[in-house]
Amino acid sequence: MKRVKMRPLSPVWWLRGFGITLLVVALAALAPGTSYARGCTRLTCDPAQPCRLSAGGYEVLLEGTKLEGLGRTLEAGEKLYQVNGLFVAAVAAHESGWGESRLAREQNNLGGIKGAEGYRDFDTREICVLYMFSLFDRRYISRGRESVSDIGALYCGTDGWAESVEDILKDFVQSARETMD
């Protein structure tokens with residue numbers, strides 16, 4: 001009998017089938033008192049290095065934008081996937097026009113994510129953000145593409161994408177450092 005190698009179920013499978021369940025589990029996994037809930041211990045612009053910014057820290061950075069309210073999801077996604085949450089927030093800000101694009105408003109698609117039949121629809125913004133974490137982990141960082149420019153070459157491929165995302169990311173890091181002082 002031929003033996004079939006089974007791969008463990010990835011969190012992406014859960015996103016497709018049980019997105020709300022994953023979101024609830026991810027948010028419940030954030031125990032108060034962990035370094036993730038206590039503020040930023042390592043601010044970095046490196047997409048492959050978690051910064052450990054708290055949900056409240058993300059909320060301060062996103063205050064007054066249409067991305068406000070995603071702090072807990074960014075914190076949870078970073079903890080689950082070990083991808084820099086500030087990087088994911090910067091991509092979402094760039095791709096969605098800070099949450100104001102038609103795609104963001106009507107399809108909850110903050111990342112400009114395409115599927116086989118055009119832009120993907122997401123049930124919630126939070127599911128989209130968790131999908132983005134998974135996508136960056138699976139398709140880019142785990143395959144050695146760890147810089148914004150390396151990721152951008154495949155993710156978008158247009159001139160100026162990496163520079164725009166890097167500028168937003170640097171602004172996030174600088175603002176977070178200033179609020180910590």
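How exposed is Gln-82? In this predicted model, Gln-82 comes out as partly exposed, with a relative accessible area of 36%. The residue sits in the loop between α3 (71–81) and α4 (85–96). Its backbone is worth a look too: phi of Gln-82 is near 60°, a positive value in a residue other than glycine. That positive phi turns up just after α3, and α3 is a good place to return to once the overall layout is clear.

Taken as a whole, the protein chain has 8 helices and 2 strands. Reading along the sequence gives the pattern α-α-α-α-α-β-β-α-α-α. The chain runs to 181 residues, and 45% of them count as buried. As for the surface, the protein chain exposes about 9800 Å², with carbon and sulfur atoms supplying 49% of that area. Contacts across the sequence say something about how the chain is put together: among contacts with a separation of 6 or more, 57% are accounted for by residues 24 or more positions apart.

Back to α3. Of its 11 residues, 8 are buried, so α3 is largely enclosed by the rest of the structure. The buried set is made up of Gly-71, Thr-73, Leu-74, Glu-75, Ala-76, Gly-77, Glu-78 and Tyr-81. Gly-71 also has a partner from earlier in the chain: its C-alpha atom is 7.5 Å from that of Ser-54, although the two positions lie 17 residues apart in sequence numbering. Ser-54 belongs to the loop between α1 (11–28) and α2 (55–62). Is Ser-54 buried or exposed? With a relative accessible area of 12%, Ser-54 is buried.

Part of the surroundings of α3 comes from helix α6 (residues 125–140), whose axis comes within 10 Å of the α3 axis and crosses it at roughly 25°. That angle makes α3 roughly parallel to α6, and the crossing is right-handed. On the α3 side, the contact is made by Thr-73, Leu-74, Gly-77, Glu-78 and Tyr-81. On the α6 side, Glu-126, Val-129, Leu-130, Phe-133, Ser-134 and Asp-137 take part. Sorted by class, the residues of this contact divide into 5 nonpolar, 3 polar and 3 charged. The spacing of such positions has a simple background: an α-helix has 3.6 residues a turn, so residues three or four places apart point the same way.

Phe-133 deserves its own mention. This residue of helix α6 counts as buried, at 0% relative accessibility. Which residues does Phe-133 touch, leaving aside those up to four places away in sequence? From α3 there are Thr-73, Leu-74, Gly-77, Glu-78 and Tyr-81, and the list goes on with Val-83, Asn-84, Gly-85 and Val-88. Gln-82, the residue from the opening, does not lie far off in space: the C-alpha atoms of Phe-133 and Gln-82 are separated by 8.5 Å, with the two residues 51 apart along the chain.

A second helix pair appears towards the end of the chain. Helix α7 (residues 148–155) and helix α8 (residues 161–180) pack at an angle of about 135°, their axes 9 Å apart. These two helices are therefore oblique to each other. Here, too, the crossing is right-handed. From α7, the contact involves Val-148, Ser-149, Gly-152 and Tyr-155, while α8 brings in Trp-161, Ala-162, Val-165, Glu-166 and Leu-169. The class breakdown for the contact of α7 with α8 is 6 nonpolar, 2 polar and 1 charged.

A few loop positions round off the picture. Asn-108, in the loop between α5 (102–107) and β1 (114–115), has a phi near 55°, which is again a positive value in a residue other than glycine. Unlike the partly exposed Gln-82, Asn-108 counts as buried, with 18% relative accessibility; the cut-off for buried is under 20%. Gly-97 is found in the loop between α4 and α5. How accessible is Gly-97? Its relative accessible area is 38%, so Gly-97 is partly exposed. Measuring from C-alpha to C-alpha in the model, Gly-97 and Leu-110 are 8.7 Å apart, with 13 residues of sequence separation.

How values were computed: Residues numbered from 1 in each chain as written. Predicted model: local features only at pLDDT ≥ 70, side-chain atom pairs only at ≥ 80, totals over all residues. Heavy atoms only, no water. Helix = DSSP H or I, 4+ residues; strand = E, 2+ residues; numbered from the N terminus. Buried < 20%, exposed > 50% of the residue type's maximum accessible area, 1.4 Å probe, protein only. Contact = heavy atoms within 4.5 Å. Areas by Shrake-Rupley, 256 points an atom, 1.4 Å probe, with all protein chains shown as cover. Axes fitted to C-alpha atoms, helices over the stretch in contact; angles between N-to-C directions. Parallel < 35°, antiparallel > 145°, perpendicular 65-115°, else oblique. Left-handed = near helix turned anticlockwise from the far one by under 90°. Nonpolar A, V, L, I, M, F, W, Y, C, P; charged D, E, K, R; others polar.
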